[in-house]
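Colleague: I should be grateful for a close look at a single part of this model and at what surrounds that part. Please give the account as one connected description.

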Amino acid sequence: MVRQWIYSNKKSAFNKMGAGLGPNYGFVYAARIDVMQGFTLLKIGATRSPYSRLSNMGSKASLFCVSPPCINFWENEELLHEFFAEYRVPARPHQGARAEFFNLSMPYFIEHLPVLTYAQEK
């Protein structure tokens, strides 16, 4: 575990995440996306259902890191986007925004992961 995050190369490791939590809870995740042979990007996003979200990425996603459950998951996603902003992949003309993709390796992300607060319902 990395600062309470779960790290795995198997989507099945996240199968039970979120079960039994209230509807206000979610997770921040990082997933390594294989763009082409020898080149990967990191997708940083937020979801209420990590297993479903990571499964929807298909076979191009090959390494995953998921935060503890919290009610401020959208804010934590935004904090990570700001923290790693210098590595953000710029939008390509007529291709839409690529706001969640970063030119980072998973080891770099893990090593430089800032301290985040994982708020819980009272």
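Modeller: In this predicted model, a suitable place to begin is Met106. Beyond its neighbours within four places in sequence, Met106 is in contact with Tyr7, Ala30, Ala31, Arg32, Leu42, Leu63, Phe64 and Cys65.

Met106 also belongs to the largest nonpolar core, a set of 20 residues. Trp5, Leu42, Ile44, Leu80, Phe84, Met106 and Phe109 are the members with the most contacts inside that core. Two or more residues each come from strand S2 (27–36), strand S3 (39–47), strand S4 (61–66), H2 and helix H3 (106–112). Another core lies apart from this one; it has 14 residues, among them Met17, Phe27, Leu54 and Ala61. In soluble globular proteins, nonpolar side chains tend to be buried together.

Several of the contacts of Met106 can be placed by way of the strands. S4 is mostly covered, with six of its six residues buried. Strand S1 (residues 6–8) runs antiparallel to S4 and is joined to S4 by three bridges; within this pairing, Ser8 has Phe64 as its bridge partner in S4. S2 likewise pairs with S4 in the antiparallel sense, over five bridges, and here Ala30 stands opposite Cys65 of S4. Phe64, Ala30 and Cys65 are all among the residues that Met106 contacts.

The helix H2, another contributor to the largest core, deserves equal attention. Its buried residues are Phe73, Asn76, Glu77, Leu80 and His81. Seen down the axis of H2, these residues fall within an arc of 140°, so they line one face of the helix. The cover over them includes S2, S3, strand S5 (101–102) and H3.

Within H2 (residues 73–83), His81 merits a separate remark. Its relative accessibility is 6%, and His81 therefore counts as buried, the cut-off being under 20%. A polar atom of the His81 side chain lies 2.8 Å from the backbone oxygen of Ile44. Apart from neighbours within four places in sequence, the contacts of His81 are Ile44, Arg88, Ala99, Glu100 and Phe102. Ile44 thus appears twice in this account: as a partner of His81, and as one of the residues with the most contacts inside the largest core.

Key
Residues numbered from 1 in each chain as written. Predicted model: local features only at pLDDT ≥ 70, side-chain atom pairs only at ≥ 80, totals over all residues. Heavy atoms only, no water. Helix = DSSP H or I, 4+ residues; strand = E, 2+ residues; numbered from the N terminus. Buried < 20%, exposed > 50% of the residue type's maximum accessible area, 1.4 Å probe, protein only. Polar contact = N/O pair within 3.5 Å; in protein donor to acceptor, adjacent residues only side chain to side chain. Contact = heavy atoms within 4.5 Å. Core = buried A, V, L, I, M, F, W, Y, C linked by side-chain atoms within 4.5 Å. Pairing = 2+ DSSP bridges. Arc of directions from axis to C-beta.
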